[in-house]
Amino acid sequence: MSDRKISVTEDELHAYVDGELPAERRADVEAWLAAHPEEAERVNSWRAMAELLHARYDTVAQEPVPRRLELERLVQRPRQWLYGAAAAALLAFVAGGAVGWVAHGAANTPSTFQSFTEDALDAHRLYVVEVRHPVEVPGNERDHLQAWLTKRCGWTVFAPNLEASGLKLVGGRLLPGPNGPASFLMYEGASGERFTIYSAKTETGETQMRYTAMNKDGALFWADRGVGYVVSGGGDRDRLTKVARAVYDQAEKNGS
Amino acid sequence: MSAFRQSVEAMIPALRRYARALARDADIADDLVQDTLVRALRSERLFLGGDVRSWLYTILTNLNKNRRRSLARRPQFMQLSENNPDASGTEAEGRDIEKALATLVEEQRSVLLLVMLEGLSYREVADIQGVPIGTVMSRLARARAHIKAALEGERPALRRVK
């Protein structure tokens with residue numbers, strides 16, 4: 001075998017691992033790898049990488065398909081919406097041709113929790129800087145506050161006790177939310193740090209907690225029994241997470 | 001159910017897997033799959049044969065690209081993974097690969113996942129991304145090198161934290 005024939009390119013190594021190498025070249029690559037252990041190690045690391053990917057994501061393909069993805073349901077979605085999507089799809093299809101399919105526009109609406117969290121962070125930033133009128137009902141009228149917000153919002157609004165986290169209830173107010181009224185509670189720590197709990201009805205049934213940071217504020221969103229919650233606070237993520245967990249645990253005990 | 005719908009339906013689990021790895025968030029991933037399916041169903045009459053599988057991956061890949069473009073100025077969300085500090089070795093490895101994927105640029109992540117997770121050929125991926133095969137191969141090589149470095153860099157750091 002000549003040297004020229006046995007010399008192997010980077011592309012060939014990848015093609016070899018991915019089963020894209022012409023059959024007649026496989027033996028050359030294998031012989032070359034046997035003589036180049038470092039390269040063989042690199043090729044093996046790619047195989048291990050593929051195993052990691054499958055170990056992590058194959059379970060998703062094994063999960064039962066969520067109901068909202070059932071084709072029967074998707075074909076019965078509201079007409080108006082479908083025509084928009086169909087027009088966009090048609091346009092993209094004609095423009096892109098069958099192979100170079102390009103999908104444009106329409107379906108880029110952000111997920112519910114994203115706009116929900118943005119609303120909550122907006123409220124947080126608007127009111128935490130307020131010195132004289134941060135709330136409508138002060139924290140020393142906790143029972144009245146809870147009863148009032150519960151009546152206006154339509155689910156049991158509960159102002160958790162966060163004294164274990166060093167936070168005292170400042171009070172609360174009613175806000176417009178994405179799907180009707182929203183409840184907004186404010187807490188304050190000894191050094192003046194403020195946390196807020198925003199809650200409103202949401203179409204998202206239940207979710208895990210999600211964290212986001214925007215400028216100097218952090219927020220944790222979750223949804224439970226059709227109500228979305230956002231706990232917002234200053235930059236310290238660990239502290240925020242602890243406060244949010246306390247809120248979650250108490251809402252869990254007192255909910256429904 | 002038509003043969004077309006059957007082949008679309010058969011692809012849902014694989015699309016969910018790809019979307020989850022691509023978008024890294026379960027809700028966003030299923031939103032992407034849902035939008036992909038709606039588009040595919042509405043275009044049923046326009047689909048004149050060919051490979052349904054590649055076509056669905058193409059729609060999803062493009063939807064994700066558009067989504068990321070429109071979200072570029074929005075805050076980045078991530079799942080809180082501290083819930084389970086005693087994660088077993090496999091789960092910890094799963095998190096490592098997730099984090100490593102997150103560091104890739106979009107086109108490289110998509111090539112890597114389509115080839116390594118979904119098992120598509122270079123030719124199919126080139127058609128999906130609308131680029132020459134050579135570009136697919138260089139993206140794949142860069143993605144692999146990047147993930148390898150990220151995985152090797154990540155491990156000691158994680159141990160130190162603990």
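These are my notebook entries on two chains, A and B, of a predicted model.

**Entry 1: chain B overall**

I began with the secondary structure of chain B. I counted 7 helices and 1 strand. From the N terminus, I read the order as α-α-α-β-α-α-α-α. Next I looked up burial. Chain B has 162 residues, and 41% of them are buried. Then I turned to contacts with a separation of 6 or more. In chain B, 66% of these join residues 24 or more positions apart.

**Entry 2: chain A overall**

I took chain A through the same list. Its secondary structure comes to 9 helices and 7 strands. Of its 256 residues, 29% are buried. Among its contacts with a separation of 6 or more, 49% are between residues 24 or more positions apart.

**Entry 3: one valine in chain B**

I picked B:Val111, which sits in helix α5, residues 106-117. Is B:Val111 buried or exposed? I find 29 other C-beta atoms within 10 Å, so B:Val111 is buried; the cut-off for that is 20 or more. I then asked which residues B:Val111 touches, leaving aside neighbours within four places in sequence. The list reads B:Val125, B:Val136, B:Arg139, B:Leu140 and B:Ala143. I checked the pair B:Val111 and B:Val125 further. They are 14 residues apart along the chain, and their C-alpha atoms are separated by 6.7 Å.

**Entry 4: a helix face in chain A**

I went to helix α2 of chain A, residues 10-17. Which of its residues are buried? I noted A:Leu13, A:His14, A:Tyr16 and A:Val17. Seen down the axis of α2(A), these buried residues fall within an arc of 155°, so they line one face of the helix. The general rule is useful here: an α-helix has 3.6 residues a turn, so residues three or four places apart point the same way. Just after α2(A), I came to A:Gly19, which takes a positive phi of about 70°.

**Entry 5: the nonpolar cores**

I looked up the largest nonpolar core last. It holds 50 residues, and B:Tyr18, B:Ala19, B:Leu56 and B:Leu60 touch the most other members. Helix α1 of chain B, residues 3-23, gives the largest share of this core, 9 residues. Apart from this core lies another, of 40 residues. Its members include A:Ala120, A:Cys153, A:Val157 and A:Phe195.

I went back to B:Leu60 for its contacts. Beyond neighbours within four places in sequence, B:Leu60 is in contact with B:Leu15, B:Tyr18, B:Ala19, B:Leu32, B:Val33 and B:Thr36. I added one general remark: in soluble globular proteins, nonpolar side chains tend to be buried together.

Terms used:
Residues are numbered from 1 along each chain as its sequence is written. Chains are lettered from A and ligands numbered from 1 in the order in which they are written. This is a predicted model: local features need pLDDT of at least 70, side-chain atom pairs count only at pLDDT 80 or more; totals for chains, interfaces and linings use all residues. Helices (H or I, at least four residues) and strands (E, at least two) are DSSP runs, numbered from the N terminus. A residue is buried if 20 or more other C-beta atoms lie within 10 Å of its own, exposed if 12 or fewer, and partly exposed in between; C-beta atoms are placed from the backbone. Two residues are in contact if their C-beta atoms, placed from the backbone, lie within 7 Å. The arc is that of the directions from the helix axis to the C-beta atoms. A nonpolar core is a set of buried Ala, Val, Leu, Ile, Met, Phe, Trp, Tyr and Cys residues joined through C-beta atoms within 7 Å.
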